[in-house]
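Here is a short note to help you find your way around this structure. Have a look at it first, then read the points below.

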2 protein chains.
Amino acid sequence: MMTVYNFAAGPATLPDEVIQQIQTELPSLQGSGMSILEISHRSAMFDEIINTAQQDLRDLMAIPDDYEVLFFQGGGTGQFAAVPLNLATTHHRIALLDSGHWAAKAGDEATKLGVTVDTLATTKGTHYDKLPALTMTLPADTYDYMHICTNNTIEGTAYHALPKTSGVPLVGDMSSNIMAQRYNVSDFDLIFAGVQKNLGPAGVTIVIVKKSLIKEVDHIPSVFDYSLFAKKNSMPNTPPVFNIYATGLTLKWLKSIGGIDEIERRNQKKASLLYDFLDHSKVFNNPVKPADRSLTNVPFMTGDAKLDDAAVADLTDHGLMNLKGHRSVGGLRASLYNAMPFEGVQALVNELYHFEKNL
Amino acid sequence: MMTVYNFAAGPATLPDEVIQQIQTELPSLQGSGMSILEISHRSAMFDEIINTAQQDLRDLMAIPDDYEVLFFQGGGTGQFAAVPLNLATTHHRIALLDSGHWAAKAGDEATKLGVTVDTLATTKGTHYDKLPALTMTLPADTYDYMHICTNNTIEGTAYHALPKTSGVPLVGDMSSNIMAQRYNVSDFDLIFAGVQKNLGPAGVTIVIVKKSLIKEVDHIPSVFDYSLFAKKNSMPNTPPVFNIYATGLTLKWLKSIGGIDEIERRNQKKASLLYDFLDHSKVFNNPVKPADRSLTNVPFMTGDAKLDDAAVADLTDHGLMNLKGHRSVGGLRASLYNAMPFEGVQALVNELYHFEKNL
């Protein structure tokens, strides 16, 4: 049987060890005779699971004690609403750095909910080939927060240094590079991330938020209410039990291999291999400014849509899956999340090399 | 090894066949080399999964073509917000029949979001020992809808006949008895249900809504937007892929055993066995008016909290799990959802009989 590598942008590949553990213990969790798919969220077993997942998140990301770690449903798109509903309650105005599709979507959702959104910088004019540069000093008493997307899944850029916000709270959508590289949590006031790229199966969203920002808010749906979730250990209602469990196993896996520092080293190595190939290729090109390149998402193209399609077809034939680029960018895209092994990227680069040679 | 039966109120027991199938195909879905935990929601494989689940829901519940079948995250509590946000847009006023904890919670959430809630009948005064009777005719041009909870998980009542709404749209929270008994979908204008009691692992909420009620609404979070979800086949953003897949398998299982008519017959038989025992017991009592008794949730008690605890402990020793009653009611509670086999209820009744005899 051919080894298959899954380069999907998310939901994405998970560690084999995690899938094997889930499979092994699926019929009976900890000898209980009950499946993780059946246990009550009010059980001692699940309390242990959710508390361990929170603690492992704290350990891995070095989350300070003055931050809450919460689990929601609804994905990043849910948080596009929840963040302004919880935080944009003083000025009803936020700042945005428009680094691509998902940053713009976050702005659109805040606008839809009645918040004023000031886009302070954008690289839309150059198809988001680099990060927008914030050249102004943020004015005092104007913004409830500034939103950035730390990694742009579609465009293939990532913040390796953060913009200065002059005391305005910084909100980071880390959905596609949470724990793929080291960030200093205390540089942010709020971080959110769907787990389905680096940390688990789709259906859980992690929110890490400074306790001092959490307050009781009127007219907010309960499933978005940070204050309520903080009080109820993320369980004012039934949480996605299985998804939190599977995420917890992935966190344990990440700890076992050496945590974020080690995975960042591996991710650097994987990304370098691919970028080096692309930078030396006569056919394929990555359009992103080198300093802003993402470790986790690498778009590339030939400039000829038919040739791009032929490359995707050839890669698919060799078990290198889901490499078609996002429709807004075209070409190809390789997502190299935490669970993608180095061997997968080697196989990709080898086959791209052969494809190019045989043209 | 002792056979374990899980009487939890939810998340709840699933069919063994479903858990076995998930376990078998976990490492590689349909020979793809990828786990269901890893596949993209934009893949042809997942399109087939979500479309099949929708069709099986339509087949099982005989859902007319003028209803949409949608999948959300956020549970019933999410829909407590989503329903008024989508539907309470003309009168900003809804009617409620207060049949217990979860009906009242739905009203509280609507109130929190600025909707006026008229509780037209309640049985709170008698600890929700029966359903509230709607004795008035609903006035025209007053209410956007009337909300009922078709089965009251905590109190153990269920609607076997529906109240007359005089043309006011009827919304049913069916979270704890969806597909456990036959309802006529066209008697409702909207039905919602978390899957975690009768249909799958926690993390998906089904919404069945009359197309004519769906409209574009301002200021609504996207993850609650019926119009958007209808347009995007429930995938404006990443859905909970695994949870929808597992729900789909449970729907197939239900079809394979004969659908709702057969499961209702089995559920009647299971519930009768337990109610008959309780009605003849000199120690245990079910406080609910017989005509309003739930098929899926049966609270019972001795009137002595210590004796209740002793019964729970004895049952637990015999592999009969999660029978402690809800704190607001006390005593014991047996949840007899679709996947609870008759043998489980036999084992429960046998042990209750022995417990009583040995007092």
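1. A contact here means heavy atoms within 4.5 Å. With that in mind, 98% of the interface residues of chain A are also interface residues in chain B, so the copies meet through the same surface.

2. A word on the basis: this is a predicted model, in which local features need pLDDT of at least 70, side-chain atom pairs count only at pLDDT 80 or more, and totals for chains, interfaces and linings use all residues. Residues are numbered from 1 along each chain as its sequence is written.

3. How do the copies relate? A turn of 180° with a shift of 0.0 Å along the axis lays chain A on chain B with an RMSD of 0.0 Å (least squares on the C-alpha atoms of residues with pLDDT of at least 70 in both). The two copies are thus related as by a two-fold rotation axis.

4. Now to the sheet in chain A, where strands are DSSP runs of at least two residues (E) and helices of at least four (H or I), numbered from the N terminus. Its 7 strands form an open sheet in the order E2-E10-E9-E8-E5-E3-E4, with mixed pairing (two strands pair if DSSP finds at least two bridges between them). Strands E2 (67–72) and E4 (116–122) of chain A stand at the edges with a single partner strand each, so one side of each lacks a neighbour in the sheet.

5. Strands E3 (residues 93–98) and E5 (residues 145–149) of chain A run parallel, joined by 3 bridges. In E5(A), His147(A) is the bridge partner of Leu96(A).

Methods: Chains are lettered from A and ligands numbered from 1 in the order in which they are written. Side-chain values use heavy atoms; hydrogens and water are left out.
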